[in-house]
Amino acid sequence: MSDRGKVKNVVIRGVDASAYEEMSSLAKRMGLSVGALASQAFKLVLALADAGPQLVGIPQDTPEILKRLIPSRVLKGRPVFIRHVGRLVLSREDLEKAPGPLFLFGIDELVFDPSVDTRIFEEKVLRIVDCGRVVIHRGLDKLAVLTRSLFIKELVEKI
């Protein structure tokens, strides 16, 4: 049985006091506990670390030396963050209009309509993080979606 989604009490040593106070204040404004907000922050940091070089448009298999040599003006557009939406349906047209790679975070139900193929998905979707239900169709490669997903609860394939 997986521990994903379970709550665990932890003590974290060495937390910056002012950062904790800011996090606590933000959690109160959002109507969340500090633990719930910290969990979201942990997931976001893990997703950003996992995306690594792709965040700036460099393939993950590019040798480290090339990453340092490529000027930043040559890199892809900045990621577009879409977060905390109840239900979102994305079409090919939506993805094509995105000014940069999409980072989809905290969406209850994320649906890719049949116009989205694997090529446009891989080109425009950087990460899917902490989403409840992700709905795809048979024309979209399930493994392509899963390799860009972290902390999703369910992947549903519609016929």
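Helices and strands here are DSSP runs, numbered from the N terminus. By that numbering, His 84 sits in the loop between β1 and β2. The model is a predicted one.

## Overall layout

The protein has six helices and eight strands. Along the sequence, the elements follow the pattern α-α-α-β-β-α-β-β-α-β-β-α-β-β. The protein has 159 residues, and buried ones make up 33% of them. Its exposed surface is about 10,300 Å², with 56% supplied by carbon and sulfur atoms. Take the contacts between residues at least 6 apart in sequence: 37% of these join residues at least 24 apart.

## The sheet that holds β1

Four strands form an open sheet with parallel pairing, in the order β1-β3-β5-β7. Its edge strands are β1 (80–83) and β7 (149–150), each of which pairs on one side only.

Start at β1. This strand runs parallel to β3 (residues 102–105), and four bridges join the two. Ile 82 has Leu 104 in β3 as its bridge partner. Phe 81 stands opposite Phe 103, also in β3.

Now move on to β5. β3 and β5 pair in the parallel sense, again over four bridges. Here Phe 103 stands opposite Arg 127 in β5.

Which way do the β3 side chains point? Leu 102 and Leu 104 point one way, while Phe 103 and Phe 105 point the other way. All four of these residues are buried. In a regular strand the side chains alternate between the two faces of the sheet.

## The sheet that holds β2

A further open sheet of four strands has the order β2-β4-β6-β8, and its pairing is parallel. β2 (87–90) and β8 (154–158) stand at the edges with a single partner strand each, so one side of each has no neighbour in the sheet. From one strand to the next, the twist averages 15°.

Within this sheet, strand β4 (residues 109–112) and strand β6 (residues 133–137) run parallel, joined by three bridges. One of the residues involved is Glu 109, whose bridge partner in β6 is Arg 133.

## The nonpolar cores

The largest nonpolar core has 20 residues. Which of them touch the most other members? They are Leu 90, Leu 104, Leu 110, Phe 112, Phe 121, Ile 128 and Val 134. At least two residues of this core come from each of β2, β3, β4, α5 (118–124), β5 (125–129) and β6. Another core lies apart from it and has five residues, including Ala 47, Phe 105, Leu 126 and Val 129.

Phe 112 deserves a closer look. Leave aside its neighbours within four places in sequence. Its contacts then include Leu 90, Leu 104, Phe 121, Val 125 and Ile 128. Val 134, Val 135, Ile 136, His 137 and Leu 140 are in contact with Phe 112 as well.

## An aromatic pair

A search of the whole structure finds two aromatic pairs. In one of them, the ring centres of Phe 112 and Phe 121 are 5.3 Å apart and the planes are at 80°, so the pair is edge-to-face. The cut-off for that label is an angle over 60 degrees. A pair of aromatic rings is described by the distance of the centres and the angle of the planes.

Are these two rings' residues buried or exposed? Phe 112 is buried at 2% relative accessibility. Phe 121 is buried too, with a relative accessible area of 0%.

## Two loop residues with positive phi

His 84 has a positive phi, though it is a residue other than glycine. Asp 130 has a positive phi as well, and it is not a glycine either. The table sets out both.

| Residue | Phi | Loop | Relative accessibility |
|---|---|---|---|
| His 84 | near 50° | between β1 and β2 | 43%, partly exposed |
| Asp 130 | about 55° | between β5 and β6 | 15%, buried |

Why does Asp 130 count as buried? Its relative accessible area is 15%, and buried means under 20%. His 84, at 43%, counts as partly exposed because that value lies between 20% and 50%.

Key
Residues numbered from 1 in each chain as written. Predicted model: local features only at pLDDT ≥ 70, side-chain atom pairs only at ≥ 80, totals over all residues. Heavy atoms only, no water. Pairing = 2+ DSSP bridges. Buried < 20%, exposed > 50% of the residue type's maximum accessible area, 1.4 Å probe, protein only. Contact = heavy atoms within 4.5 Å. Areas by Shrake-Rupley, 256 points an atom, 1.4 Å probe, with all protein chains shown as cover. Axes fitted to C-alpha atoms, helices over the stretch in contact; angles between N-to-C directions. Core = buried A, V, L, I, M, F, W, Y, C linked by side-chain atoms within 4.5 Å. Phe/Tyr/Trp six-rings, centres within 6.5 Å; stacked < 30°, edge-to-face > 60°.
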